[in-house]
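Here's a quick briefing to read alongside the sequence and the structure. Take a look at both, then work through the points below.

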Amino acid sequence: MEDDSGESSSFVVGIIENRAKEVGLAAFDLRSASLHLSQYIETSSSYQNTKTLLHFYDPVVVIVPPNKSASNSTAAVTELVDRFYGSVKKVVLARGCFDDTKGAILIKNLAAKDPSALGSDTYHKQYYLCLAAAAATLKWTETEKGVVVTNHSLSVTFNGSFDHMNIDATSVQNLEIIEPFHSALLGTRNKKRSLFHMLKTTKTIGGTRLLRANLLQPLKTLKPINARLDCLDELMSNERLFFALCQVLRKFPKETDRVLCHFCFKPKKVTVQALAVDRAKKSQMLVSSVILLKTALDALPLLSKVLKDAESFLLSNIYKSVCENEKYDLIKKRIAEIIDEDVLHARVPFVACTQQCFAVKAGVDGLLDISRKSFCETSEAIHNLANNYREDFKLPNLKLTFKNRQGFHFVIPQKNIQGKLPSKFIQVVKHGNNIHCSTLELAFLNARNKSAAAECYTRTEICLEDLMDAIRENVSVLTLLAEVLCLLDVIVNSFAHMISTKPVDQYTRPEFTENGPMAIDSGRHPILETIHNDFVANNIFLSEASNMVIVMGPNMSGKSTYLQQVCLIVILAQVGCYVPACFSTLRVVDRMFTRMGAVDNLESNSSTFMTEMKETAFIMQNVSQRSLIVMDELGRATSSSDGFAIAWSCCEHLLSFKAYTLFATHMENISGLATIYPNVKILHFHVDLKNNHLDFKVVSLPISYCLGMIICELKFCFAQFQLKEGTKHVPHYGLLLAEVAGLPSSVIETARMITSRISEKEMKRREVNCLQHHSIQRAYHVAQRLLCLKYSNQDEDTVRQALQNLKECCDMQKL
């Protein structure tokens, strides 16, 4: 139904809200004929959940009810669309169109699966808003596009976004998942890419869209994650299978997923509208879809041959559900009854046009045969005309080209034109070193050729009516085929291809535990390591007994890079891909929150600090026990006392959860948390101090925590920093940088006196806290090691020895 063959979105989204700030959302994908329903309560005044879903679907149309008669509490979603999505087409439908009862009936009739399996009965009673949004969305689609949705053809999912890890729209920007903040890196010629751009080596449009969707909403169920990882294991150990799959997937047209909409959507009347002017284009798209489907089914035996001996669950399941499915053979035989055997999908415009005109076998329709004859005669006349012009005007390099919109036109190299172009040529346009033009004779023949082709398309569509009805009866297997091809494209052409281009063991399989620790050994930033060849690895360890890490260090030491790196590794692992680390074991994350950067928001009239507080409030209101929280320099945009108080209280609040938290800060007093709470760990980036100047030379000690390449703002050279345990770091590095910047020496000396007094008081307070909470900290350290042993993969004798060593350390008070 959509003629756009690019990667742009094709979602139509309907949204409605009630007075309790409960939002119902229905997202209808015109490209793949799928409907996604979500209903949730907005916990944020800035409607972060709705922003996240709209950012995920990236709709072309948003359907909302009128807000003239609505109260302020039910018009917030409409105002959100007006403010942040002004470039998206907004459609206002009457409230009567948002009918939840009608929506439930539509889902029952149109869903490909049994409605009871989707839980539609309970959704009708409990989640009525998303059904109301679905009713409005489907009504607009059928009215605007002039189609009727085929019964039992839609792929319907309820609350699809909540079956995956939730990453809010702000975090997507902070982590540079889809788009980078800056395209170029300071001091280099290299282009910085996002995680999506790094993995975007897919060959199909559907695969690219699935990759984007997976990165925005990673999996959080262990079974599909491990299934993908097992598949990668087999591909990496069996090169023959990997390269064979790469070759076979190229046989399938990259628009395979797009053909579904022509079988899921049925035009209201074919024969009556056949003579309409704009009907030819729709007929051509339908014929193209049938040819594309034929090409895909012809390539299916090749896929079956490759997957026959596959051992992983994912590949073997694809073989059983797709390659051994007899329905594909039935569709293929039905197509062969009316479609010519030699017709294949083509990308060259005129070749594709010819294939579409001659798709149906000769003799099926007399009027179609007459139209084909006219098409051939005009095409031959146009080529003869081009030959005559080459001879008459002595233009041997004159080329005849064809474009879908423009039709035939001439292309002449400018160097072959002596003086002026003959007056016979019209519509002269210069394109680079060539001249594009036409003539009156060519324009006349073009019009006749286009009319003959249009007649061929409409007659072909009439011939294909019975075939289309037969295909629609088995549309569910076509949906399955499209989903399988998209998934294989992501796993083979994106994940496996990326891993195969790296040195051996650079990317390893992540392990998952239900409630175990997050341990990453020698992890690297997946994006920056592609830019800097000598990126240095670093580690992280978080568990229930040590669930908060506070990272401290000088400006430009790479704290933000370290935080971003951990999040990207977790996302890669939960989409089912290998990660850049020597070893990693992770606990599945259900929500990921980030509070990074310092930017004001003029659109919402929010200062830097207000924006920071809104983002922090959203985290505090939505944090769960299995969340991963990353906060970078919280409280720096207000007064030092208030900023410190907010940062401390937020840390205490997060410590009441089992969520894993990474907290980067310049506030030295925050390290006092570790003296009170034994589940807080302090790390810092080490920098040497020589002659009162920062020295960025790497310390040649055994590396337990270290961070890689960054850009030094003092010397504009690359530096490497070492991440070490404890609170010791460069004293008063802010004053050193201020001195380098040129502040008067008297100002620097006064600042040193003030900060030394503050530091002295703080040290005394830390010593008191350490004495008071020493026994609790020892108990937590023991608990942390016991948890590690619980989730380890070691044999029984090794675990017993580790327990004996732990007991001896406790007796000797070495913990």
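## Helix α17 and its surroundings

In α17, the buried residues are L368, S371, R372, F375, T378, S379, I382, L385, A386 and Y389. Keep in mind that this is a predicted model. The notes below start with that helix, then move on to salt bridges, a few contacts and some backbone angles.

**More on α17**

- Helix α17 runs over residues 366–392, which makes 27 residues.
- From its first C-alpha to its last, α17 reaches 39 Å, close to the 39 Å expected at 1.5 Å a residue.
- What covers the buried residues of α17? The cover includes two helices, α16 (349–357) and α18 (440–463), along with the strands β10 (399–403) and β11 (407–413).
- As for the pattern of buried positions, here's a handy bit of background: an α-helix has 3.6 residues a turn, so residues three or four places apart point the same way.
- The N-terminal end of α17 is capped by D365, which has a side-chain oxygen 3.2 Å from the backbone nitrogen of L367.
- Just after α17 comes K394, with a positive phi of about 50°.

**Salt bridges**

- How many salt bridges does the structure hold? The count is 17.
- Some background first: side chains of opposite charge can pair when their charged atoms come close.
- One of the salt bridges is between the side chains of D29 and R209, at 2.8 Å from N to O. This pair links distant parts of the chain, with D29 in strand β2 (residues 22–29) and R209 in helix α9 (residues 205–216), 180 residues apart. Are D29 and R209 buried or exposed? Both are buried.
- Another salt bridge joins R347 and E255, whose closest N and O atoms are 2.4 Å apart. R347 sits in the loop between α15 and α16, while E255 sits in the loop between α11 (239–249) and α12 (260–264), so the pair ties together parts that are 92 residues apart in sequence.
- The R347 and E255 ends have their own settings: R347 counts as exposed at 54% relative accessibility, whereas E255 counts as buried at 4%.
- E796 and R800 also meet through their side chains in a salt bridge, at 3.0 Å from N to O. Both lie in helix α28 (residues 796–811), four residues apart, or about one turn of the helix. Both of these residues are exposed.
- There's a network as well: D230, D233 and R509 are joined into one by salt bridges that share partners.

**Contacts worth a look**

- R334 belongs to helix α15 (residues 326–338). With a relative accessible area of 35%, R334 is partly exposed.
- Which residues does R334 contact, leaving aside its neighbours within four places in sequence? They are D466, L467 and A470. The C-alpha atoms of R334 and D466 are separated by 9.9 Å, although the two residues are 132 places apart along the chain.
- S546 is in the loop between β16 (538–542) and β17 (548–552). Why does S546 count as buried? Its relative accessibility is 4%, and buried means under 20%.
- Not counting residues up to four places away in sequence, S546 touches F541, N679, K681 and Q784.

**A nonpolar patch on the surface**

- M753, I754 and I758 make a nonpolar surface patch of about 290 Å².
- Of these, I754 is found in helix α26 (residues 745–772), and counts as partly exposed at 46% relative accessibility.

**Positive phi angles**

- For context, most residues other than glycine have a negative phi.
- D58 isn't a glycine, yet has a positive phi near 50°. Where is D58? Look in the loop between α1 (48–57) and β4 (61–64). At 42% relative accessibility, D58 counts as partly exposed.
- Q427 isn't a glycine either, and has a positive phi of about 50°. Q427 is placed in strand β12 (residues 426–431), and counts as exposed with 59% relative accessibility.

Notes: Residues are numbered from 1 along each chain as its sequence is written. This is a predicted model: local features need pLDDT of at least 70, side-chain atom pairs count only at pLDDT 80 or more; totals for chains, interfaces and linings use all residues. Side-chain values use heavy atoms; hydrogens and water are left out. The expected span of a helix is 1.5 Å times one less than its number of residues. Buried means under 20% relative accessible area, exposed over 50%, partly exposed in between (1.4 Å probe, protein chains only). Contact means heavy atoms within 4.5 Å. A polar contact is a pair of N or O atoms within 3.5 Å; within protein, one must be able to donate a hydrogen and the other to accept it, and residues adjacent in sequence count only if both atoms are side-chain atoms. Patches are made of residues with over 30% relative accessible area and no salt bridge: like charges are joined within 9 Å, nonpolar side chains (Val, Leu, Ile, Met, Phe, Trp, Tyr) within 5 Å. Accessible areas come from the Shrake-Rupley method with a 1.4 Å probe; for residues, only the protein chains shown count as cover. A salt bridge is a side-chain nitrogen of Lys or Arg within 4 Å of a carboxyl oxygen of Asp or Glu.
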